[in-house]
Amino acid sequence: MSLSEGKKLHMHKLSNKDGIIAAAAMDQRGSLAKSLAAAKGVTQKEISQELMEEFKTAVVRALTPHATAILLDTEFGLPAAKARAANAGLLLAYEKTGYDATVPGRLPDLLPDLSALRIKELGADAVKILLYYAPDDDPKINEVKHAFIERIGSECQDVQIPFFLEFIGYDHNGGDDKTLEFAKKKPGIVMASMKEFSKPRYQVDVLKVEVPVNAEYVEGSSVYKGQKAYTRAEAIEYYRQSADVTSLPFIYLSAGVSNDQFTESLAMAGEAGTAFSGVLCGRATWKDAIPVFAQKGAAALEDWLATEGLKNINAVNEALKPAKPWWNRLS
C-alpha cells in the first residue's frame, strides 16, 4: 500500500508517536437515543438534541485526553468535537445512522448535507463509513455496496483525506449475530469482507474490522460462557488468517461488547501476533454510563467517567501494547 503525503499528515494526527491508533468512538445516534430513552423510561422521541449533545460532550471531554482520536457524527457531535483534548485527532461519520429495514440488504446511505470535502472543512482528519456486509448475500445487493464504497474512496482521494471503512457482518437470512451458529460463521465473514475491501479499486486507507471470533464462544477465554464454537488455538489461528488476507492497516472495533470481552479479544490478537494498528472503541468504554446519566444527570456522569470510564479506556490502551504502527504496511 502507498499513501499520499496529504493523507499521511492526517494519519499522524490520528495516531501516537509510535503509529498506534487508540481512538474512541462516539458517533452513535439512533442506538444511543434508544438506549437513553430506555434508561429514562421515555419514548425515543423525547430524547432531545440537547440531551444527546450533553452526553457526547461529557464523554469526549473525559476520555480524549487518553485517546489519540475521537470518532463523532455531525448531527449531534460537533459541540463535542470542540471539547476534545488537543492531542486527539478527529474522524467524522459520513453515513446515515441505521438502515431501512423494509428494504432487503441493509443498504447504506449518506447524510445529504455532507461530502468528503465538507467533512475535511469541518476539521476532520478522516472520513468514516459504516457498511453492513454479508459476503454471501445476493450478488446484486453486494454490487450496490461495492459501487457505493468505490464512490466514497474516489471522493476521499480527491480531497486527500483518509478513508476509514468499518464493516459489520450479519446473517442475511435474519439470524441473530449473538448465537453459537453465527459465531461459527464469523471468521469466514470477517475474512471475506477484509479481502474484498482491501482491493485497490475501493481506495480504502484503514480497515476498521470486527475481531474474527466471538470471545464468549472461545473455550478457555476469560469471558467463555460454556458453549464452544472454537478452541483457543483455533481462535488464535483465525486471527492470523484474517490478518493475512489484507495488506492495509487495520484496527479493531468493539461492536458494543463489554470492556472485559473486548480486552480479552485484543489479548488474543496479541497472542496471535497479528499486525493490527490499534482500535476504534466506543461502547466498550462508556455504554455503562448511559443509565447513570439518564437517571442521575450530568454530574453523576462526570463522576462515572472519571473513575469507571477512565479504568475502561486504560484497560483498552494497555491491551494495545502488541499493536504495530500503521506505517509498517506502507510500501
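Where do K311 and E308 both lie, and how many residues apart are they? Both lie in helix 12, which covers residues 298–318, and three residues separate them, about one turn of the helix. The legends below describe close-up views of a predicted model.

**Figure 1. K311 and E308 form a salt bridge in helix 12.** The closest N and O atoms of the pair are 3.1 Å apart. E308 counts as partly exposed because its relative accessibility is 32%.

**Figure 2. Helix 8 holds a salt bridge between E237 and R240.** Helix 8 spans residues 232–244. The two partners sit three residues apart, about one turn of the helix. Their closest N and O atoms are 3.8 Å apart. E237 is partly exposed, because its relative accessibility is 34%. R240 has a relative accessible area of 36%, so R240 is partly exposed too.

**Figure 3. K7 and D205 form a salt bridge.** The closest N and O atoms are 2.8 Å apart. This pair links distant parts of the chain, 198 residues apart. K7 belongs to helix 1 (residues 5–14). D205 belongs to the loop between helix 7 and strand 6 (206–209). Both K7 and D205 are buried.

**Figure 4. Seven residues are linked in a network of salt bridges: D27, R29, E75, E95, K128, E166 and K208.** Across the whole structure, a search finds 22 salt bridges.

**Figure 5. The largest pocket encloses about 1,200 Å³ of space.** Its lining has 50 residues, and those closest to the pocket centre are Y132, I168, A255, G256 and R283. Several helices and strands supply at least two lining residues each. Among them are strand 4 (126–132), strand 5 (163–168), helix 7 (180–197), helix 9 (259–272) and helix 10 (283–286). Helix 2 (30–40) is another of these elements. Helix 2 gives the most to the lining, with five residues. By type, the lining divides into 19 nonpolar, 14 polar and 17 charged residues.

**Figure 6. V103, L107 and V144 form a nonpolar patch on the surface.** Together, these three residues have about 200 Å² of accessible area. V103 is found in the loop between strand 3 (89–93) and helix 5 (116–121). V103 counts as partly exposed because its relative accessibility is 36%.

Conventions. Residues are numbered from 1 along each chain as its sequence is written. This is a predicted model: local features need pLDDT of at least 70, side-chain atom pairs count only at pLDDT 80 or more; totals for chains, interfaces and linings use all residues. Side-chain values use heavy atoms; hydrogens and water are left out. Patches are made of residues with over 30% relative accessible area and no salt bridge: like charges are joined within 9 Å, nonpolar side chains (Val, Leu, Ile, Met, Phe, Trp, Tyr) within 5 Å. Accessible areas come from the Shrake-Rupley method with a 1.4 Å probe; for residues, only the protein chains shown count as cover. A salt bridge is a side-chain nitrogen of Lys or Arg within 4 Å of a carboxyl oxygen of Asp or Glu. Helices (H or I, at least four residues) and strands (E, at least two) are DSSP runs, numbered from the N terminus. Buried means under 20% relative accessible area, exposed over 50%, partly exposed in between (1.4 Å probe, protein chains only). On a 1 Å grid over the protein atoms alone, a cavity is a set of points where a 1.4 Å probe fits but cannot get out, and a pocket is an open set with protein on both sides within 12 Å along at least five of seven lines; lining residues have an atom within 4 Å of a point. Grid points are joined across faces, edges and corners, and a volume is the space filled by probe spheres set on the points. Ala, Val, Leu, Ile, Met, Phe, Trp, Tyr, Cys and Pro count as nonpolar, Asp, Glu, Lys and Arg as charged, and the others, Gly among them, as polar.
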